[in-house]
Amino acid sequence: NYSANYSFNVTDAGSGSPASRNLSIFLIPFSSLSVNISLSVNRTEQLGSVLISGNVSDANLVGIKNMTVNVTASNGTVYFINMTFLRVSGTVYQFSATFPNATGATVHRGNYSVTVTGTDSILVTGNATAKLTVYANVIVSLSTLASTYAVGGTASLYYRVQEAANSSLTP
């Protein structure tokens, strides 16, 4: 649904000007883009990765310029990725990206927001959002004081439990 009001003020430009001028107005209606998002997994452990797929319908029949993804980590950091074009079928364009790639990280536990945005050649956009949960990747380290012990001897076993970001394991 689109409406616009235009007002034109025409004045005499003085002598030597033509008595009339033609003014052409072209109205180009446009529709917002329909965008879908899917994640290869909705949950991954810290340092894991996810394949992000996006489809965008070319509602205006002008061609899709690009698709991008913004990933907002649980600590508020926002990562921006240009998605890779895969194929077009009719008016549906398909894109994908892996997160993290050269940018980004899944080191912080919590909920991540993943938003894909499609843009067509006349700069009309559409977007869709999905949630990704990153859970603790528990790392257990075991050690002893010596590499060998005598039969019947006493040994001590030391262990350390941490998660990938070296933060507390409490929620």
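These questions and answers go through a predicted model, taking a loop residue, backbone exceptions, strand pairing and aromatic rings in turn.

Student: Is threonine 106 buried or exposed?
Tutor: Threonine 106 sits in the loop between β7 (92–99) and β8 (110–120). Buried means under 20% relative accessible area. Threonine 106 has a relative accessible area of 3%, so this residue is buried.

Student: Which backbone oxygen does the side chain of threonine 106 reach?
Tutor: Leaving aside neighbours within four places in sequence, threonine 106 is in contact with residues including Glu45, Gln46, Leu47 and Gly48. Among its other contacts are Tyr112 and Val134. At 2.8 Å, its side chain reaches the backbone oxygen of glycine 48.

Student: Phe99 and Pro100 are also in contact with threonine 106; what kind of peptide bond joins phenylalanine 99 and proline 100?
Tutor: Proline 100 is placed in the loop between β7 and β8. Most peptide bonds are trans. For the bond joining phenylalanine 99 and proline 100, omega is about -10°, and the bond is cis.

Student: What is the phi of leucine 61?
Tutor: Leucine 61 belongs to the loop between β3 (50–57) and β4 (64–72). With 66% relative accessibility, leucine 61 counts as exposed. Most residues other than glycine have a negative phi. Leucine 61 is not a glycine, yet its phi is positive, at about 55°.

Student: Where does leucine 123 lie?
Tutor: Leucine 123 also has a positive phi, about 70°, without being a glycine. Its relative accessible area is 57%, which means that leucine 123 is exposed. β8 and β9 form a hairpin with four residues between them, and leucine 123 is in the turn. Its place is thus the loop between β8 and β9 (125–135).

Student: In which sense do β8 and β9 pair, parallel or antiparallel?
Tutor: One bridge sets threonine 119 against threonine 125 in β9. Over 10 bridges, the sense of pairing between β8 and β9 is antiparallel.

Student: Which residue in β9 stands opposite arginine 43?
Tutor: Strand β2 (residues 43–45) pairs with β9 over three bridges, in the parallel sense. Thr133 is on the uncovered face of β9, together with residues including Thr129 and Lys131. The residue opposite arginine 43 is threonine 133.

Student: Which face of β9 holds Val134, covered or uncovered?
Tutor: The uncovered face of β9 consists of Thr125, Asn127, Thr129, Lys131, Thr133 and Tyr135. Gly126, Ala128, Ala130 and Leu132 share the other face with Val134, and that face is covered.

Student: How many aromatic pairs does the whole structure have, and what is the geometry of phenylalanine 85 with tyrosine 93?
Tutor: A search of the whole structure gives three aromatic pairs. The ring centres of phenylalanine 85 and tyrosine 93 are 6.1 Å apart, with the planes at 55°, so this pair is tilted.

Student: How is the pair of phenylalanine 85 and phenylalanine 95 arranged?
Tutor: The pair measures 5.5 Å centre to centre, with 70° between the planes. Planes over 60 degrees apart count as edge-to-face. The arrangement of phenylalanine 85 and phenylalanine 95 is therefore edge-to-face.

Student: How many residues apart in sequence are the parts that this pair ties together?
Tutor: Phe85, Tyr93 and Phe95 form one aromatic cluster. Phenylalanine 85 counts as partly exposed at 43% relative accessibility, whereas phenylalanine 95 is buried at 5%. Phenylalanine 85 is in strand β6 (residues 84–89) and phenylalanine 95 in strand β7, so the parts tied together are 10 residues apart.

Conventions: Residues are numbered from 1 along each chain as its sequence is written. This is a predicted model: local features need pLDDT of at least 70, side-chain atom pairs count only at pLDDT 80 or more; totals for chains, interfaces and linings use all residues. Side-chain values use heavy atoms; hydrogens and water are left out. Helices (H or I, at least four residues) and strands (E, at least two) are DSSP runs, numbered from the N terminus. Buried means under 20% relative accessible area, exposed over 50%, partly exposed in between (1.4 Å probe, protein chains only). A polar contact is a pair of N or O atoms within 3.5 Å; within protein, one must be able to donate a hydrogen and the other to accept it, and residues adjacent in sequence count only if both atoms are side-chain atoms. Contact means heavy atoms within 4.5 Å. Two strands pair if DSSP finds at least two bridges between them. Rings of Phe, Tyr and Trp (its six-membered ring) pair if their centres lie within 6.5 Å; planes under 30 degrees apart count as stacked, over 60 as edge-to-face and the rest as tilted.
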